[in-house]
Amino acid sequence: MIKRIGCLLLTLLIIGAAPSFAKDRKLDPANPDDQIRLQVKIFCSLVEGRPTLYWWSGNMYSRVAGEPHRLLFKVHGMNIRQCRTRQDPVRGFCYRSVSREVLLYLDPLTGDVARKWKNPWTGKEVDVVHVANDPVNARDWICGRDKDGKPIDRSESMFVKDELLLEGGGAARLFYKNPLGGEYQDYIGGTYHAMEYGTTHASAAEVLDAKDTELENAVLSWGRVSRWLPWMEMGDRDGLVVFNTAGMRLDGYEQLPDVMRRELQTNYPSYFAPPPLDDARPNETSWTVFKKYIDGKRTATSGNSEK
Amino acid sequence: MKYSAITTHPRRRFRYFLSTLSMTVVLSLASHAGSAEKAQRVAQLDPSRPEDALTLTRKMNCSLEDGRPVLHWWKGTMISRVPGERDRVLFNIQGMNIRQCGSFNDPKRGPGFRSVSREVMLFLDPVTNEVLKRWTNPWTGEEVEVIHVANDPVNMRSPMFAYGIDGKPAQFRGTFVKDKVWTSGEAPLWYDNPMAGDYQEYVGNNYQAIEMLSSFTDAAPLLDPNVKTLSSVGISWTRLSGWLPWMKMGGRVGTVVYSTVGKRLESVDDLSEPLRTEVRSNYPTYLTPPPIDDARPNETSWTYIKKIIDQRRLNEKK
């Protein structure tokens, strides 16, 4: 009995000691350098070079004037990332991320990886070209302050509300020269035009804890609006595709759904690790990847016809 | 700032320590108090049981306590998409939904619930966050009156039961990963536009929109039958539709996209400004949800705007 009470006392003692841990420094969501630390804890890790795996899944719809939205595919996406951090005398705390990304289009009924797709508008059967973008890197260091040392305010899109740290509510508005378009896009159109938006939700207590180097239980939503994907062979037809997904950080590849893990093992083995921290290659996008794919196919076809 | 010397992950080590600690507490308490032991062993809700699937669905949406108001809040931006030009941020937006649920029982279909709610969403100046009264449409050059969203009610038309009319068991469409769970889905909307004419299948103008919502929470309290109301739920809501009627864009091509992030709040006091003041001053009925037996048809932005425009036209004739 005395022994048991002793055990209980010891337990209470440990519990009593716990709050002194909690008094340790907290990150300040209003501080520009700490805002970067929060981003790093969510997107990767304050431990340089520690790989971070995110996974998300959802649906892709068409939006065409004059008809209901159609569910075209289920999607599964993953990103493997690592980060470098540094303290800059002018720009404050900075990080740069390097990553690779796969997004698979699945049959909406069977959930199997789609290989061929019958385009319901053209009637043509086309090859499905999944997203496999390597690399998807931050072009430059992302820092708490600009080049003059002025703090960059990110509090409109990343803020603590009660028990949660929330990020999102905006969008990356992409509008640039289409790598699959010609040299006169300003005159005749065909510009690359897309919008990507995401949210992150994290426990404020966990993410603000300064001695913690990364956030294990960050959840996210990701969405996108763009024109038809090039492999759909929709040409100039009007219409949009809309993605809606949700997901979270995983501890390792064994936590990926079978369909995605198997596909990575078979067809995308290099996506089991992020690119090197000093990766200087230009970013790959679905459009540039498709251009290489279709150029390769064209070369192969012209080679055959010459024989 | 070099952490590369740390080989094992400190956080994980800390977690093991914590779980050992809580195990010690549970064991030592259990050896003293039988009732505490029993309380520790209440079975979790089972998503594969239709009755529990219904309970889980209800907890993600509202409270298991009948009549307890649950408030959700979100903020973000509204962005235009027009072919040939870069997307434009038109407004900051802040919205809220106040909801309650009531229990039902059906001899054949088992337990059920219905949610009833009201919803406000404000269009704010993208720079100053002021509540906008007027807006100069950058495409037409015309200055128009801004009509904010005030939809009362936004109700489930009929209760959801553990078993469907066809006997099909209810399913909880949640994804459980690690310590988290979320629901994510889309509602593609396509129906007769209440502001359009009687020949829409011939000349077009149908109402076409898609609403997308993801809700995130912790798995443990969701699965705990003793937790009646989840205290921490994060949401992200997005929507695509044609131009809002008050923008007076007529038949011009284009889409508006809402991108937002938000969460469940304890009370109206926790709403962000200017939404909190605006709701209290101008939308006081939205401080509480409608009654559980509310039989009114749902209000949408389009039906609401139609009423306002119809009233304006009447006033102009007088």
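How many salt bridges does a search of the whole structure find over all chains? The search finds 41. The structure is a predicted model, and this report describes selected parts of chains A and B.

## Chain B as a whole

Chain B is built from seven helices and twelve strands. It has 318 residues, and 46% of them count as buried. Its accessible surface amounts to about 16,100 Å², with carbon and sulfur atoms contributing 53% of that area.

The contacts of chain B can also be described by the distance in sequence between the partners. Among contacts with a separation of 6 or more, 67% are between residues 24 or more positions apart.

## Helix α3 of chain B

Helix α3 of chain B consists of twelve residues, from 50 to 61. At 1.5 Å a residue it should span 16 Å, and its end C-alpha atoms are 17 Å apart, so the expected and computed values agree.

The helix is mostly covered, since ten of its twelve residues are buried. Among the buried residues are B:P50, B:A53, B:L54, B:L56 and B:M60. Charged residues also belong to the buried group, including B:D52, B:R58 and B:K59.

B:D52 has a relative accessibility of 8%, so this residue counts as buried. Its salt-bridge partner is B:R49, and the closest N and O atoms of the pair are 2.9 Å apart. B:R49 itself is partly exposed, with a relative accessible area of 40%.

## Two further salt bridges in chain B

Side chains of opposite charge can pair when their charged atoms come close. One such pair is B:E142 and B:K248, whose side chains form a salt bridge with an N to O distance of 3.2 Å. B:E142 is in the loop between β4 (134-136) and β5 (143-145) of chain B, whereas B:K248 is in the loop between β11 (233-241) and β12 (255-265), so this salt bridge ties together parts that are 106 residues apart in sequence. B:E142 counts as partly exposed, at 34% relative accessibility.

Another salt bridge joins the side chains of B:D310 and B:K306, also with an N to O distance of 3.2 Å. Both residues belong to helix α7 (residues 301-317) of chain B; because they are four residues apart there, about one helical turn separates them. B:D310 is partly exposed at 33% relative accessibility, and B:K306 is likewise partly exposed at 33%. In chain A, salt bridges with shared partners link A:R100, A:D134, A:D279 and A:R281 into one network.

## The surroundings of B:D152

B:D152 is located in the loop between β6 (149-151) and β7 (160-161) of chain B. Is this residue buried or exposed? Its relative accessible area is 17%, which means that B:D152 is buried, because the cut-off for that class is under 20%.

The side chain of B:D152 makes polar contacts with two arginine side chains. One is with B:R118, at 2.8 Å, and the other is with B:R296, at 2.8 Å. Leaving out residues up to four places away in sequence, B:D152 touches these two arginines together with B:Y286, B:P290 and B:E299.

## A:N178 and its loop

A:N178 is found in the loop between β10 (172-176) and α3 (185-188) of chain A. With a relative accessible area of 12%, this residue is buried.

Which backbone atoms does the side chain of A:N178 reach? It reaches the backbone nitrogen of A:L180 at 2.9 Å, and a polar atom of the side chain lies 3.0 Å from the backbone oxygen of A:G190. When neighbours within four places in sequence are left aside, A:N178 is in contact with A:Q185, A:G190, A:T191, A:Y192 and A:W287.

## A nonpolar patch on chain A

A:Y184, A:Y187 and A:I188 make a nonpolar surface patch of about 480 Å². A:Y187 is placed in helix α3 of chain A. This tyrosine is exposed, with a relative accessible area of 70%, whereas A:N178 is buried at 12%.

Terms used: Residues are numbered from 1 along each chain as its sequence is written. Chains are lettered from A and ligands numbered from 1 in the order in which they are written. This is a predicted model: local features need pLDDT of at least 70, side-chain atom pairs count only at pLDDT 80 or more; totals for chains, interfaces and linings use all residues. Side-chain values use heavy atoms; hydrogens and water are left out. Helices (H or I, at least four residues) and strands (E, at least two) are DSSP runs, numbered from the N terminus. Buried means under 20% relative accessible area, exposed over 50%, partly exposed in between (1.4 Å probe, protein chains only). Contact means heavy atoms within 4.5 Å. Accessible areas come from the Shrake-Rupley method with a 1.4 Å probe; for residues, only the protein chains shown count as cover. A polar contact is a pair of N or O atoms within 3.5 Å; within protein, one must be able to donate a hydrogen and the other to accept it, and residues adjacent in sequence count only if both atoms are side-chain atoms. Patches are made of residues with over 30% relative accessible area and no salt bridge: like charges are joined within 9 Å, nonpolar side chains (Val, Leu, Ile, Met, Phe, Trp, Tyr) within 5 Å. A salt bridge is a side-chain nitrogen of Lys or Arg within 4 Å of a carboxyl oxygen of Asp or Glu. The expected span of a helix is 1.5 Å times one less than its number of residues.
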